[in-house]
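Okay, thanks everyone, let me get this up on the screen. I'll talk through one site and then say a little about the other chain.

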Amino acid sequence: MLPTDSNKALSFKRGIQDGDLVIVYERHDVMKPVKVTKDGVLQNRFGFYKHSDWIGKPLGTKVFSNKGKFVYLLAPTPELWTLVLSHRTQILYIADISFVVMYLEVVPGCVVLESGTGSGSLSTSLARAVAPTGHVYSFDYHEQRAACAREDFEMTGISSLVTVEVRDIQGQGFPEKLSGLADSVFLDLPQPWLAVPSAAKMLKEDGVLCSFSPCIEQVQRTCEVLRSDFIEIRTFEVLLRTYEVKEMKVETVAVIGESQDEEDNGGPRPSKRKHLSNNGDYAVSHDNSSNATSVVMARPCSEARGHTGYLTFARLQCLS
Amino acid sequence: MEQHNKDQVLSENNNNKCQDPNPRFTFEGCNVLLDVNDGDRLVFARLSGGSTLKIGNTKYSLKPLIGAPFGSLFQVETGEDVSFLSRILPVKKEESISNNVIEDSRDNRELIDNNEAQNLTEEEIETMRREGAKGDEIIEALIANSKTFDKKFQLSQEKYKLKKQKKYAPKVLLRRPFARSICEAYFKKYPARIGFLRVDALSLLLTMANVTAYSDVLVVDMVGGLVTGAVAERLGGTGYVCNTFKGNSPPSVDMVKMFNFTDKVIERIVQSSINDLSSAKTVLSPEGGVCNAEININESSTCDIVEDVSVTAEARVVDDVVPVSKVIKAPKAGAKASKEAVEMWKENGFSSLIMAAQDQDPWSLAKDVLPLLSYSAPFAIYHQYLQPLATCMHNLQQEKMAINLQITEPWLREYQVLTSRTHPHMQMSSFGGYVLSGTRISTT
Ligand SMILES: C[S@@+](CC[C@H](N)C(=O)[O-])C[C@H]1O[C@@H](n2cnc3c(N)ncnc32)[C@H](O)[C@@H]1O
């Protein structure tokens, strides 16, 4: 998944090979991870696809089923992986993940500790951020989840960057051998406050901790414990609003000659924007048959995730 | 695992600190972010023997900060005849301040809002200072001489102490500048310069464009270099971040200088015009060489100052030792991309794209720039207006250039978390921009 292996890097010229992991894209909400094998066959509602037809084609191309229907084959990325991985637990999604990686100041070479591993959604993005020389140590007390996560990391090709261990982090804390080595620590645990003292021991001075909790009571208790060793304690909520874009016919009586000019030179100059707002929009095209015009319009999607969790960040005090 | 740990420890003791990609201590010539009085003001500065920070009416030398660990705290201390910044170790708090607030039965019905509550006069305070009283001692004296202090809520008492501390014993927290803090500082003070790109939107751009080591990231950065710097930070001296532009003169990426990039990282920040990247054959402009056309980095501005508007005291960083002649032969961010690199990109394509072009129509740029990406390469386009992104998304769909298209708007709310007083902040930023993301596909 990561280009650390130059063979695996994206390129116009590199064709799909036996053994590659690809994401089969039907629609933005219908995707599936597939390991390419010589004799493999993918079956979906459009018929079946022989993997042997895929081999040699570049990623990002269409492939056809026996019934002539197509899907796209995409290179896996942590974002696509988060959308297709098998959910063994609640997982973190792109908005929280992006913010966590940035706020934890994770850069190449960093050592990051994480618990619990869960379904490995966040771990995959952490691995991307610490590559090529850093490492993610991820802990979950659930034996089977840890094993599944290891298999997944093997499949996505990041296992050299992530070590998964079985351990009760709330009960035992992080292992002593990692003391003072962590640049950042991430907690997604039911009672994160129990793990905070150990996290403080693992962190380098000035290192950053993040705790993700769905409930405010968890945040409350965690913050109380954080105050003894940490500074800059801040709690956030991050959400994403997505937009629907449609081209629609709208009745208009406005003069549209000017909008056409705009179309020709590829867009509005800022100074004209106000002027054009009378037409609702500048991406207007004629419909000769009537006084209706086609307009590209955007509005927020009606349904959205309303809450995921609170993100609490804190920086270990520098005492030496 | 063991081996790995040892490496970590070794790199900590590396004596060539300037070239350590993840330094934990400052060094001479190092860029730092100074947080004055708990975020009241953020100031970027370059540490040198002669650089100073102005707090109130006094200039303080930044020399004591050289060699200190990032994260260390300094406080103004009054010496024999001068006051200076001196390292302090924070006192461990025994229990959280606010645990028994609920039982506080005092209220403010007896408080009268005038300035007569303080017995000490300004002159008396000045005298104390001249006689070498420490900031903390002055605060104690102020409290002892306050008629109303005892009547205040515990919470207001804390507030009172804090206010006095900020004035009489200002604190400076030494921080390492990261994309996160640079973005936040600019967003707070000069949001227009970075196109209102809030830190959560920036973080989305970086993830959606799959920025990671060994990738070749194409950027259109018209937000002063913030995106370029943030990408370079994630590349850690591998791969490339190539800034591309229409016409002949690349836009400034000055902000790259605020990061503490090593030469190895700087070398990976290059530029090339859209024309040069698109033409079938590489025709390099006359100077042709590898590293000469540098992006307009303004040599005179060695430090950029970002200050909070709501400050009580005036402050400003002055760096008096900036002889331009002293410029060493270090690589410059934004050198022209080498012929080999350009050839390589023509053959393989870029691995991803980030566009943050203020005042530009995203579609007219995207239609020229997107073909430079490998198939299956993800991209993220930032804009502070929704409509041009919607049009861009529509056109990309119509032309079948990309799939997985989505316009998102990040939303960020901060909370105050205190016992019995937890609630969202009263003020929030209601706008941090829009992001159009997608995946480039082969049209054949
Ligand atoms: C919500 S999941 C984490 C999801 C993960 N962040 C992701 O993005 O995929 C929480 C995980 O914490 C683990 N867990 C709960 N208590 C634990 C403990 N005391 N020690 C270690 N892991 C624990 C659970 O087994 C579960 O897998």
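So, let's start at A:Ser121. If you skip its neighbours within four places in sequence, this serine is in contact with A:Thr82, A:Leu85, A:Ile91, A:Leu92 and A:Ile97. Before I go on, keep in mind that what you're looking at is a predicted model.

One of those partners deserves a second look. The side chain of A:Ser121 has a polar atom 2.7 Å from the backbone oxygen of A:Leu92. As for where we are in the fold, A:Ser121 sits in helix 4 of chain A. Buried or exposed, then? A:Ser121 has a relative accessible area of 3%, and under 20% counts as buried, so this one is buried.

Just before the helix we have A:Gly120, in the loop that links strand 7 (111-115) to helix 4 of chain A. A:Gly120 is buried too, and here the relative accessible area comes out at 0%.

Now, the ligand. Which backbones do its oxygen atoms approach? For A:Ser121, a polar backbone atom is 3.1 Å from a ligand oxygen. At A:Gly120 the corresponding distance, again from a polar backbone atom to an oxygen of the ligand, is 3.2 Å. And A:Leu92, which we just met next to the serine side chain, has a polar backbone atom 3.1 Å from a ligand oxygen. How much of the ligand does the protein cover? On its own the ligand has 610 Å² of accessible area, and the protein covers 93% of that.

Stepping back to the whole shell, 23 residues surround the ligand, and the closest are A:Asp140, A:Arg145, A:Asp168, A:Ile169 and A:Asp188. Sorted by class, that shell is made of 11 polar, seven nonpolar and five charged residues. Helix 4 (121-130) and helix 6 (169-172) of chain A each put at least two residues into it.

What does the database say? An unreviewed UniProt entry has a "binding site" feature at A:Ser119, A:Gly120, A:Ser121, A:Leu122, A:Asp140, A:Asp168 and A:Asp188. Among the closest shell residues, A:Asp140, A:Asp168 and A:Asp188 carry that annotation.

Last bit, chain B. We've got 12 helices and 17 strands there. Chain B runs to 444 residues, with 54% of them buried. If you take its contacts with a separation of 6 or more, 73% are between residues 24 or more positions apart. The exposed area of chain B is about 20,200 Å², with carbon and sulfur atoms supplying 50% of it.

That's me done, happy to take questions.

Key:
Residues are numbered from 1 along each chain as its sequence is written. Chains are lettered from A and ligands numbered from 1 in the order in which they are written. This is a predicted model: local features need pLDDT of at least 70, side-chain atom pairs count only at pLDDT 80 or more; totals for chains, interfaces and linings use all residues. Side-chain values use heavy atoms; hydrogens and water are left out. A residue is near a molecule or strand if one of its heavy atoms lies within 4 Å of it. A polar contact is a pair of N or O atoms within 3.5 Å; within protein, one must be able to donate a hydrogen and the other to accept it, and residues adjacent in sequence count only if both atoms are side-chain atoms. Accessible areas come from the Shrake-Rupley method with a 1.4 Å probe; for residues, only the protein chains shown count as cover. Helices (H or I, at least four residues) and strands (E, at least two) are DSSP runs, numbered from the N terminus. Ala, Val, Leu, Ile, Met, Phe, Trp, Tyr, Cys and Pro count as nonpolar, Asp, Glu, Lys and Arg as charged, and the others, Gly among them, as polar. UniProt positions are given in the numbering used here, feature names are shortened, and annotations may be inferred rather than shown by experiment. Buried means under 20% relative accessible area, exposed over 50%, partly exposed in between (1.4 Å probe, protein chains only). Contact means heavy atoms within 4.5 Å.
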